[in-house]
Amino acid sequence: MEGSYLFLVSLCWMKIVDGACPEDGISAVASDNMTWPPGFDLAVGNVTLDFPILLDLETSHLSGLQIVSGGRLVFSPTADFAKLVTDYVVIKDGGSLEIGSEDC
């Protein structure tokens, strides 16, 4: 029983230490044209996201968004208005969509 208690305390401590805000360490922002490959148009067709990015604007209407391995879409907590407008979102292979955090 004592070993189980120690394990539980270790998990809780790990969560507290690792409780970084979702936006920490992400330098790419959707509003910066340098974030996107040359010629990329965010307003056309489906978008596949395979890198971390902060959403700091209202997107045009996307046909769809796929967030795949390596991809993270994080709503910027400092943006005046951030809105994702799309017909669908598919998250697979370890991608993530994050909107806020209780800890930040």
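This text goes through a three-stranded sheet and a cavity in a predicted model.

The sheet is open, and its strands follow the order E1-E3-E5 with parallel pairing. At its edges lie strand E1, residues 46-49, and strand E5, residues 89-91, each of which pairs on one side only. Between neighbouring strands of this sheet the average turn is 10°, with direction ignored.

The contact between E1 and E3 can be followed residue by residue. Strand E3 covers residues 64-67, runs parallel to E1 and is joined to it by four bridges. For a place to begin on the model, take Asn46, which stands opposite Gly64 in E3.

The next topic is empty space inside the protein. Rolling a probe the size of a water molecule over the atoms shows where such space is left. With a cut-off of 30 Å³ or more, the count comes to one cavity. The volume of the largest cavity is about 90 Å³.

Which residues line the largest cavity? The lining consists of Ala30, Trp36, Leu42, Val47, Leu49, Ile53, Leu55, Thr59, Leu62, Leu65, Leu73 and Leu84. Two elements give two or more residues to this lining, namely E1 and strand E2, residues 52-55. Strand E1 thus appears in both parts of this account: as an edge strand of the sheet and as a contributor to the cavity lining.

By residue class, the lining of the largest cavity divides into eleven nonpolar residues and one polar residue, with no charged residue. Thr59 is the polar one, since Thr is not among the residue types that count as nonpolar or charged.

Note on methods
Residues numbered from 1 in each chain as written. Predicted model: local features only at pLDDT ≥ 70, side-chain atom pairs only at ≥ 80, totals over all residues. Heavy atoms only, no water. Pairing = 2+ DSSP bridges. Axes fitted to C-alpha atoms, helices over the stretch in contact; angles between N-to-C directions. 1 Å grid on protein atoms, 1.4 Å probe; cavity = no way out; pocket = protein on both sides within 12 Å on 5 of 7 lines; lining within 4 Å. Points joined across faces, edges and corners; volume = space filled by probe spheres on them.
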